[in-house]
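Trainee: I'd like to learn how to read a model like this one. Can you walk me through it?

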Amino acid sequence: MPAHEQPDGLPPELLNNDPDGFAWGVWHDRTPKLIAQIKDAHPYGPAQRETMDALWDEISTGRMQPLKSGAHDHDLWAAWGVEFFGKPWLDTPFLWSESYFYRRVLDAVDYFTPGPWRGLDPFEPMKAAELSDPTLETDLQALNELDLLPPAGQGQAKLLASLWGNRADLGFRIGKQSGSLHPETEGLISDHSAQLWRHLGPNAHVAIVADNAGRELLADLVLIDHLLEHHLAASVSLHLKPHPYYVSDATTADYATCLRRLSQTSGAATTIASRLKNAAAKGRLTIDTHDFYCAPWSFHQMPNDLAARIKTASLALLKGDLNYRRLVGDRTWPATTRFADVTDYFPSQVAALRTLKSDVVVGIDKETETKLDASSQEWRTDGIHGLIQQAAGSQYPKVHQPKDSCSLGSGVE
Ligand SMILES: O=P(O)(O)OC[C@H]1O[C@](O)(CO)[C@@H](O)[C@@H]1O
C-alpha cells in the first residue's frame with residue numbers, strides 16, 4: 001500500500017497543521033483579518049467583541065471548545081466534535097474546523113440568540129459592497145450583447161460566467177491581491193462542459209447547489225434563466241445555505257437581493273429578473289435548503305431526506321470550492337484520480353463548477369498536472385484556475401462507499 005494511503009484505501013484527510021498546506025495560511029493569515037473585519041462591520045457591543053477576540057485566542061493558542069451551552073444546536077455539535085474538542089485547532093481536519101469556525105462566529109455575534117442581534121448577517125456589509133461595485137453595472141449591461149449569440153454560444157458563455165463568478169469569493173479574497181482575471185477559457189484546466197450539456201433537455205430537472213452571493217449568484221441566476229428559457233430544463237431547484245456561512249455563501253435573503261439587483265439594470269438583465277420571478281411563481285424555479293449545507297461533513301454523509309430530493313435531479317450542479325471539497329472529500333487525492341471514481345456515490349448525476357482555491361483536486365490529466373507543477377503558479381490555490389467536471393456515468397468501479405448519513409438531531413428537516 002502506498003505510504004500516503006490510510007488502511008481503508010482513502011488518502012488522508014487534509015489537516016490544518018502542515019506549514020506548507022493551504023489551510024495554514026487560512027488560519028494564520030485570513031482568520032485574524034476576517035475577525036477584525038467582522039468587528040468593524042457592525043456596532044457590536046463589548047460582549048460580542050470580547051467573544052470574537054476569545055475565539056481568536058482559542059484558535060491561535062488554545063484548544064477547541066464546544067459551543068456555548070445554551071446554543072440550540074449545542075448537543076448536535078457536541079456529538080459531531082467529540083473527537084476534536086480539547087485538541088488544538090491546528091490538529092483538526094481543515095474541512096471540519098473551518099465549518100465549525102463559521103458556526104462559532106455566529107455564536108459570537110448572537111446570530112441565533114433571542115434578542116436584538118438575532119438574524120443579523122455579520123457578512124452582509126461585505127456582500128452589499130460587491131453588489132454596489134460600479135463595474136458590476138457594465139458586466140450586467142454586457143448581457144445585452146450576449147443575446148445576439150446563437151443559443152448554444154449563449155449557454156456556454158453563461159456556464160463559464162457562472163464558473164468564473166466563483167472567483168469573486170469574499171472570504172477567499174481576504175488578504176489576497178485580486179489576481180489577474182483570465183478571459184473565458186484561459187485557466188480552465190478540466191472541461192467536461194460538452195458532457196454536461198448532454199444531461200439537459202426539455203424534461204430535465206436541474207438542482208443547483210449554490211455557493212456565493214453577489215456576482216456569483218447573479219451569474220447563476222442568468223444561467224438558470226437560460227436553462228428554463230431554452231428548454232434545457234423543465235425546472236430548476238436552487239439550493240441555498242440556511243444561514244450565513246463562509247463569509248459570502250448565498251442565503252435566501254441574498255437570492256432576493258440579487259434578483260432585485262438584476263432588475264435594476266435595464267435591458268436583458270431586467271428581462272431575466274422578471275422571467276425568473278415568473279418561473280418562481282409557477283414553481284419552475286424553486287428554492288431549497290437544508291441544515292446539512294452548513295454541517296462540517298463531506299457529502300458522503302448527506303442525510304437521507306436531502307439525498308432523496310437531490311436524487312430527483314437529472315443533474316446536480318455543484319458550485320464552488322467548498323462544495324467541491326465536500327463532494328470529492330477533502331483529502332490528498334492524487335490530482336489524476338478520476339472524478340467519476342470519487343463521485344459515483346452521489347445521489348444523482350453531478351457536475352462541479354469550481355475555481356480552485358484549496359489543495360484538493362482530482363480529474364486532471366498527467367500532462368496538464370506536469371505542466372502546471374512546472375509553472376511557478378500555485379495553481380491549486382491561486383483562485384485563478386477553474387474546472388468544469390462531470391462524471392460520465394457509473395461505468396467505473398466504486399472507489400469508496402457512502403458513509404452512514406449524518407444525523408442532524410431532532411427539530412431539523
Ligand atoms: O466560496 P468557495 O468557492 O466555496 O470557496 C471557499 C474557500 O475559501 C476558503 O474558505 C479560503 O478562504 C477555502 O478554505 C474554501 O474552500
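Trainee: What does glycine 329 do just after α15?

Mentor: Glycine 329 takes a positive phi of about 95°, right after α15. Helices here are DSSP runs of H or I, at least four residues, and strands are runs of E, at least two, numbered from the N terminus. Keep in mind that this is a predicted model: local features need pLDDT of at least 70, side-chain atom pairs count only at pLDDT 80 or more, and totals for chains, interfaces and linings use all residues. Residues are numbered from 1 along each chain as its sequence is written.

Trainee: How many residues of helix α15 are buried?

Mentor: A residue is buried if 20 or more other C-beta atoms, placed from the backbone, lie within 10 Å of its own. In α15 (residues 320–328), nine of the nine are buried, so the helix is largely enclosed by the rest of the structure. Among them are Asp321, Arg325 and Arg326.

Trainee: What covers the buried residues of α15?

Mentor: The cover includes α4, β2 (205–209), β5 (315–319), α16 (339–343) and β6 (350–355).

Trainee: Which domains is the chain divided into?

Mentor: Domain bounds come from an automatic or database domain assignment. Here you get domain 1 (22–122) and domain 2 (125–390), with C-alpha centres 27 Å apart. Counting contacts as C-beta atoms within 7 Å, again placed from the backbone, 18 residues of domain 1 touch 19 of domain 2.

Trainee: Which element gives the most to the side of domain 1 that touches domain 2?

Mentor: That's α4, with seven residues.

Terms used
Two residues are in contact if their C-beta atoms, placed from the backbone, lie within 7 Å. A residue is buried if 20 or more other C-beta atoms lie within 10 Å of its own, exposed if 12 or fewer, and partly exposed in between; C-beta atoms are placed from the backbone.
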